[in-house]
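Me: I'd like a close look at the inside of this one, with the side-chain packing and the empty spaces. Take me through it in one go, please.

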Amino acid sequence: MRARQRTIAGLLALSVMLAPAGAPAQDYPSRPIRVLTSVGPGGTGDLFIRSLGEELHRRLGQPLIVEPRPGGGFLIAGRACAEASPDGYTICMLTGETLSYNRFLYRQLPYDPDRDFAPITNLFFNTQALVVNADLKVRSVDDLVALAKAKPKSLSYVAPAQHGVDLVRVPFRGGAEATAGILSDATPIAFFGLANFMSYLREGSMTGLLVDGAARSPLFPAIPTLAEFGYRGALTRVYFGLLGPAAMPRPMIERLRSTIAAIVDDATFREQQLISRALEPIADRPEEFAQFLKADRELARRVVELSGEQPR
């Protein structure tokens with residue numbers, strides 16, 4: 001009898017120990033989830049995550065509290081995410097600067113890009129566009145190359161350039177500042193997020209020369225892609241990924257990812273919050289996002305080496 005009692009007691013203890021493993025998916029989330037972001041309020045990523053949060057609230061019953069952590073070369077958000085509790089109630093929307101480039105731009109990081117994050121899903125690619133002030137009378141990349149060679153060091157830009165043209169690079173902090181530079185003719189060339197330039201392209205004050213997507217943007221189908229010009233150099237896309245701190249429970253990751261995928265697959269949400277903003281939907285699985293990050297880090301290494309940038 002005592003042996004039987006000990007066996008039953010042992011089984012009960014084991015069941016108590018194992019119960020939490022299934023609980024996260026069933027009860028999660030039971031309270032608000034905060035999302036740390038590496039970008040400031042009002043930008044493309046911020047607007048998207050707030051729209052996504054509204055849908056998640058409707059479907060999961062808990063709000064998404066957005067906490068911007070911009071600045072510090074995208075290191076602040078990375079560190080905050082890495083140091084957060086992996087209980088599923090702190091997740092992070094991070095970009096390639098935090099996840100790929102910083103490891104090659106800084107001698108020391110306050111986080112480990114490989115080990116400190118648990119991929120949930122890559123949300124979207126932010127289509128980048130090469131645009132010029134319409135007053136340049138440039139209609140194609142070939143026209144721009146010819147103009148730059150005819151007037152060396154007289155044109156300034158906000159982008160890396162190929163073709164061996166002699167342009168002057170001017171750093172900018174964001175799309176709004178780059179847009180102002182183009183319109184004022186201070187920096188008449190820029191390679192930035194397409195969403196920043198859409199109204200100006202439509203009214204004709206700017207001319208689009210190319211986009212970095214795998215296909216032409218449905219918003220501006222007349223603008224060709226980089227690939228159409230035969231570009232074969234190292235190119236990393238601008239993306240916004242959702243991750244948790246390392247050791248975030250897998251059931252919570254799966255619940256979040258499957259819900260987000262359903263939201264992104266909704267035709268109305270997809271059109272209003274992604275396509276109309278020149279964003280390319282992804283919402284891939286955690287394993288796919290992890291593989292993407294691995295490849296993106298290798299591309300980032302090559303890009304930094306080609307640029308000659310030295311770690312600081």
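Reply: Let's fix a word first: buried means under 20% relative accessible area, exposed over 50%, and partly exposed in between, using a 1.4 Å probe and protein chains only. The model is predicted, so local features need pLDDT of at least 70 and side-chain atom pairs count only at pLDDT 80 or more, while totals for chains, interfaces and linings use all residues. Residues are numbered from 1 along each chain as its sequence is written, and side-chain values use heavy atoms, with hydrogens and water left out.

Start with helix 3, where L75, A77, G78, A80 and C81 are buried. (Helices are DSSP runs of H or I with at least four residues, strands are runs of E with at least two, and both are numbered from the N terminus.) Those buried residues pack against strand 1, strand 3, helix 4 (96-105), strand 4 and strand 10 (239-245); contact here is heavy atoms within 4.5 Å.

Strand 4 (residues 117-126) is also home to T121, which counts as buried because its relative accessible area is 1%. Its side chain reaches the backbone oxygen of D284 at 2.7 Å. That's a polar contact, meaning a pair of N or O atoms within 3.5 Å; within protein, one must be able to donate a hydrogen and the other to accept it, and residues adjacent in sequence count only if both atoms are side-chain atoms. Setting aside residues up to four places away in sequence, T121 touches G241, L242, R257, I260, A283, D284 and F289.

Now the rings. Phe, Tyr and Trp (its six-membered ring) pair if their centres lie within 6.5 Å, with planes under 30 degrees apart called stacked, over 60 edge-to-face and the rest tilted. That rule gives 8 aromatic pairs. In one of them, Y28 and Y89 have ring centres 5.3 Å apart and planes at 70°, so the pair is edge-to-face. Y28 sits in the loop between helix 1 (2-27) and strand 1 (33-37), and Y89 in the loop between helix 3 (75-83) and strand 3 (90-95), so the pair ties together parts that are 61 residues apart in sequence. Y28 is buried at 2% relative accessible area, and Y89 counts as buried at 10%. Elsewhere, ring pairs link F48, F124, F240 and F269 into a cluster.

On to the empty space. On a 1 Å grid over the protein atoms alone, a cavity is a set of points where a 1.4 Å probe fits but cannot get out, and a pocket is an open set with protein on both sides within 12 Å along at least five of seven lines; lining residues have an atom within 4 Å of a point. Points are joined across faces, edges and corners, and a volume is the space filled by probe spheres set on them. There is 1 cavity of 30 Å³ or more, and the largest cavity holds about 40 Å³. Its lining is P29, I33, L56, L60, Q62, P63, L64 and L256.

The second largest pocket holds about 170 Å³. Strand 11 (residues 279-281) gives the most to its lining, with 3 residues, and the lining also includes T127, R216 and I275. L279, one of the lining residues, is in contact with T44, as is N126, leaving aside neighbours within four places in sequence. T44 belongs to helix 2 (residues 44-60) and is partly exposed, with a relative accessible area of 23%. The C-alpha atoms of T44 and L279 are 9.1 Å apart, although 235 residues separate them along the chain.
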